[in-house]
Amino acid sequence: DLSFPAGGHIVAAPAKVGDTVVVGQLLAAVDTSQLNAQLANAQATRDSQQAKLDGLVAGARPEDIAVAQSQLDKAQQDLDNELSSVRDVLATAYADTVDAVRTQTLSLFVSNATDVYPPGFNLSFTCSSGACQQATTQLIAARVDADVALDTWKSELDGFAAGSVPDTSSAETALDDARGYIQTAHDLMASLSTMVTGGNVSATADQLATYRAGIDTGTTEVNTALSAVNSQRQTIASQEIVVEQYTSALALKKAGSSPQDIASQRAVVAASQAQVDQIKAQIAQSSIRSPIAGVVTRQDAKVGQSATANVALVSVISTGQLEIDANVPEVDIGRVMTGDHVDFTVDALPGESFTASVSFVDPAQTVIEGVVDYQVKMMLSQPDPRLKSGLTANLDIRTAHKDGVLLLPQYAIIQNDQGTFVNKVTGTTMTQVPVVLGILSKDGTVEIISGVQEGDRVQNIGLKQ
């Protein structure tokens with residue numbers, strides 16, 4: 001009795017009742033279009049993962065290494081170009097800062113080497129408030145600091161070797177120092193702006209306008225210089241990261257894949273193959289195929305109908321290997337063994353007898369209406385086309401066989417607490433003689449192993465005189 005492990009829409013049922021089929025012949029099938037699509041996708045995934053594994057095992061190709069080397073070379077060249085640009089960026093930033101400090105503030109300061117303030121500078125205006133007068137001292141000091149910073153910066157720029165690409169460390173140091181110098185100038189511009197816009201400066205309207213215009217221009221130049229230096233510093237830092245990444249990528253390709261990476265990818269391929277096998281198994285279970293050679297005795301699968309899982313739809317019976325099923329009572333099962341000879345008859349063929357042999361004795365009991373039996377199977381010695389499934393068989397199981405033995409009717413045997421005896425008759429005398437018994441036949445005779453001999457007369461006590 002055959003069924004589908006899973007339900008589905010029946011699309012084929014080629015076998016009909018009475019058809020002779022061979023092992024593996026298709027009997028019925030359900031739709032597998034969705035499973036086929038899943039299989040194609042799983043196979044594609046497996047092939048992709050296998051290709052990745054092959055690449056890991058083979059290692060990087062020379063072409064791949066060459067590409068990685070080319071990418072690293074370009075990244076390094078881009079970094080060198082940015083480093084080469086540092087000198088121009090610093091020169092432009094220095095020029096803008098110098099113009100802001102020494103040109104755009106020219107109208108606010110006068111040179112006076114003998115002044116009580118730090119030598120060299122004095123403000124071109126006066127203040128009316130005490131706070132403003134105090135700020136004046138700070139402004140002149142800030143102007144001196146800015147001028148000193150510019151002189152120091154100029155010395156550093158003159159020491160920056162021309163015509164060669166500076167190394168990364170020197171370039172970054174020069175840019176970081178420049179930011180400090182520019183910040184000094186930026187602080188000066190902020191202080192000047194606060195002073196001029198505070199309303200305490202003794203100057204005409206035209207003079208104030210000139211002051212403010214110079215401060216605004218100088219502030220713009222300082223901000224531009226600071227922005228250019230910061231941008232160049234960030235660009236170099238970013239390009240350094242790119243170079244490091246390409247350096248690592250090239251080293252990884254040259255080193256090849258690690259055993260751990262290969263083992264991990266093998267596991268991925270195995271999992272992908274398992275998915276393919278699982279779907280193939282589901283597709284295989286979508287069809288009912290005959291497990292034996294025989295004849296179809298039932299076909300309930302109809303094209304277009306839905307099949308329910310594990311509900312028998314098709315039955316096939318063997319035409320050559322019929323077997324006999326029998327239930328043997330527990331009192332007899334101890335003597336039945338595999339290989340025992342069997343003689344049997346069937347009611348459908350009266351007067352004829354057939355032979356078989358015990359092929360299986362069930363180790364577990366079968367309880368039928370409270371009676372304990374054991375199922376025994378027997379194989380026919382010779383196939384006979386007249387024998388069909390479902391016939392009733394009458395069995396004689398031969399559990400033991402001996403030729404040339406001494407027999408007595410079972411009625412002649414006396415059994416009591418003292419043992420087993422027979423009454424031996426000698427003339428008119430009767431003597432009780434102990435005997436040893438052998439096997440018992442179904443016709444009521446018993447094998448006598450010892451105690452009496454052939455020709456002795458014994459009393460048949462079971463028969464009435």
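A polar contact is a pair of N or O atoms within 3.5 Å. In this predicted model, such a contact is found at the start of helix H4 (residues 168-197), where Asp167 caps the N-terminal end. A side-chain oxygen of Asp167 lies 3.1 Å from the backbone nitrogen of Ser169, and this distance meets the 3.5 Å limit. The helix that follows, H4, has 30 residues. From its first C-alpha to its last, H4 reaches 43 Å, close to the 44 Å expected at 1.5 Å a residue.

Helix H5 comes next. It runs over residues 205-255, 51 residues in all, and its C-alpha atoms span 75 Å from first to last, close to the expected 75 Å. Right after H5 stands Gly256, with a positive phi near 80°.

Helix H3 (residues 130-159) holds Asp158, and the side chain of Asp158 makes a polar contact of 2.9 Å with that of Lys154. In an α-helix there are 3.6 residues a turn, so residues three or four places apart point the same way. Asp158 counts as exposed because its relative accessible area is 55%, above the 50% cut-off.

Helix H3 also takes part in the aromatic contacts. A search of the whole structure gives three aromatic pairs. One of them joins Trp153 and Tyr181 in a tilted arrangement, with 5.8 Å from centre to centre and 35° between the planes. This pair links distant parts of the chain, since Trp153 belongs to H3 and Tyr181 to H4, 28 residues apart. Trp153 is buried, with a relative accessibility of 1%, and Tyr181 also counts as buried, at 15%. Ring pairs bring Tyr94 together with these two residues, so that Tyr94, Trp153 and Tyr181 are linked into a cluster.

Helix H2 (residues 62-103) contains Leu90. The relative accessible area of Leu90 is 1%, so this residue is buried. How far apart in space are Leu90 and Thr426? Their C-alpha atoms are separated by 148 Å, with their positions 336 residues apart in sequence. A second long separation involves Ser359, found in strand S14 (residues 354-361). The C-alpha atom of Ser359 is 129 Å from that of Thr126, and the two residues are 233 apart along the chain. Ser359 itself is partly exposed, at 33% relative accessibility.

Two backbone positions deserve a friendly pointer. Most residues other than glycine have a negative phi. Asn310, by contrast, has a positive phi, near 65°. Asn310 sits in the loop between strand S10 (306-307) and strand S11, and it is exposed, with a relative accessible area of 61%. Glu369 likewise has a positive phi, near 50°. Its place is in the loop between strand S15 (366-368) and strand S16 (371-380). With a relative accessibility of 80%, Glu369 counts as exposed.

Attention now turns to the pockets. Which residues lie nearest the centre of the largest pocket? They are Ile397, Arg398, Thr399, Leu440 and Lys442, out of 26 lining residues. The volume of this pocket is about 780 Å³. At least two lining residues come from each of strand S12 (323-329), strand S17 (393-398), strand S22 (436-440) and strand S23 (445-450). By class, the lining of the largest pocket has 12 nonpolar, five polar and nine charged residues.

The second largest pocket holds about 420 Å³ of space and is lined by 20 residues. Nearest its centre are Glu323, Ile324, Ser389, Gly390 and Leu391. Strand S11 (314-318), S12, strand S13 (341-346) and S17 each supply at least two residues of this lining. S12 gives the most, with four residues. The lining of the second largest pocket divides into 12 nonpolar, five polar and three charged residues.

Technical notes. Residues numbered from 1 in each chain as written. Predicted model: local features only at pLDDT ≥ 70, side-chain atom pairs only at ≥ 80, totals over all residues. Heavy atoms only, no water. 1 Å grid on protein atoms, 1.4 Å probe; cavity = no way out; pocket = protein on both sides within 12 Å on 5 of 7 lines; lining within 4 Å. Points joined across faces, edges and corners; volume = space filled by probe spheres on them. Nonpolar A, V, L, I, M, F, W, Y, C, P; charged D, E, K, R; others polar. Expected span 1.5 Å × (residues − 1). Buried < 20%, exposed > 50% of the residue type's maximum accessible area, 1.4 Å probe, protein only. Polar contact = N/O pair within 3.5 Å; in protein donor to acceptor, adjacent residues only side chain to side chain. Phe/Tyr/Trp six-rings, centres within 6.5 Å; stacked < 30°, edge-to-face > 60°.
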